[in-house]
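Me: I'd like to go through this structure with you, one question at a time. Could you give me your reasoning along with each answer?

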Amino acid sequence: MMEIEEVSNYEALPLLSLNHVSLLCRSVLDSMRFYEEILGFVLIKRPSSFKFNGAWLYNYGIGIHLIENPSIDDFDTIVEPRPINPKDNHISFQCRDVGLVKRRLEDMGMKYVTAVVEDEGNRVDQVFFHDPDGYMIELCNCENIPILPLSSCSFKPRLSSFNRAAPTTCGFMENIMMESLSMDILNISF
């Protein structure tokens, strides 16, 4: 597992990993079934001191904590189900076989949307779908694109702000950010 060292004025917190995601749900039973049957999570013991209905699930080094709130619809003004939009908030899980995921979703009659991300000859296949409460889930083979800290990207200043064709080892936005940082440093040094 790759650790990224970030140079900053602040000392990094002693974080280890993502522990869990907590989700409000209309029905703990429906959501438990979804996360068990679709995503392969396993129901685990949760502390007995909780005085509200919920469930804890675990797999892949991540926990999902479900908290039942039957009045969730009271806060949601959307009557129609939200469209599956890859640019919406979502939880993403690494996956070895995106084709198998799509076949399983089809067998279960679930709607999904696919997307492809390509960068420098690397391809990531993504599948997006909703859980019973409308939370978006992504399954992807995201490991196909290497994790490159911005500090490791070669920076090639553009001659003009409108010249977007400058080739870099990092993406367009990373290059813009590095250019902005460089200009800030130059402004500070004079």
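Me: Which residue stands opposite I137 in β8?

Reply: Happy to help, and please keep in mind that this is a predicted model. Strands β7 and β8 pair in the antiparallel sense over five bridges. In β8, the residue opposite I137 is F129.

Me: Which residue in the hairpin of β7 and β8 takes a positive phi?

Reply: The hairpin of β7 and β8 has five residues between the strands. One of its residues has a phi near 90°, and that residue is G134.

Me: Which strand runs parallel to β8, and which of its residues stands opposite C140?

Reply: Four bridges join β8 to strand β5, residues 91–94, and the two run parallel. The residue that stands opposite C140 in β8 is Q94. So the parallel partner, with DSSP elements numbered from the N terminus, is β5.

Me: How many residues of β8 are buried, and which lie on each side?

Reply: Let's take the faces in turn. In a regular strand the side chains alternate between the two faces of the sheet. In β8, M136, E138 and C140 are on one side and I137 and L139 on the other, with both faces covered. The strand is largely enclosed by the rest of the structure, because the buried residues number five of the five.

Me: Is Q126 buried or exposed, and what is its relative accessible area?

Reply: Good one to look at in the viewer! Q126 is found in strand β7, residues 122–130. Beyond its neighbours within four places in sequence, its contacts include V113, V117, E138 and C140. Since buried means under 20% relative accessible area, Q126 counts as buried, at 13%.

Me: What is the length of the polar contact that joins the side chains of Q126 and E138?

Reply: E138 is one of the buried residues of β8, and Q126 is buried as well. The polar contact between their side chains has a length of 2.8 Å.

Me: Which salt bridge ties together parts that are 107 residues apart in sequence?

Reply: The structure holds three salt bridges. In one of them, the closest N and O atoms of R26 and D133 are 2.8 Å apart. R26 lies in the loop between β1 (20–25) and α1 (28–37), while D133 lies in the loop between β7 and β8 (136–140), so the pair that ties these parts together is R26 and D133.

Me: Is D133 buried or partly exposed, and what about R26?

Reply: R26 has a relative accessible area of 28%, which makes it partly exposed. D133 has 14%. Because the cut-off for buried is under 20%, D133 is buried.

Me: Which residue meets D30 in a salt bridge?

Reply: The two residues are three apart in helix α1, separated by about one helical turn. D30 is partly exposed at 39% relative accessibility, and its partner is partly exposed at 41%. The N to O distance is 3.6 Å, and the partner is R33.

Me: What is the N to O distance in the salt bridge of R123 and D125?

Reply: R123 is partly exposed, with a relative accessible area of 42%. D125 is also partly exposed, at 22%. Their side chains meet with an N to O distance of 2.9 Å.

Me: Which element gives the most to the lining of the second largest pocket?

Reply: This pocket has a volume of about 570 Å³. It is lined by 18 residues, and Y60, Q94, C95, R96 and L139 lie nearest its centre. The elements giving two or more residues to the lining are β5 and α2 (98–107). With four residues, the element that gives the most is α2.

Notes: Residues numbered from 1 in each chain as written. Predicted model: local features only at pLDDT ≥ 70, side-chain atom pairs only at ≥ 80, totals over all residues. Heavy atoms only, no water. Buried < 20%, exposed > 50% of the residue type's maximum accessible area, 1.4 Å probe, protein only. Polar contact = N/O pair within 3.5 Å; in protein donor to acceptor, adjacent residues only side chain to side chain. Contact = heavy atoms within 4.5 Å. Salt bridge = Lys/Arg side-chain N within 4 Å of Asp/Glu carboxyl O. Pairing = 2+ DSSP bridges. 1 Å grid on protein atoms, 1.4 Å probe; cavity = no way out; pocket = protein on both sides within 12 Å on 5 of 7 lines; lining within 4 Å. Points joined across faces, edges and corners; volume = space filled by probe spheres on them.
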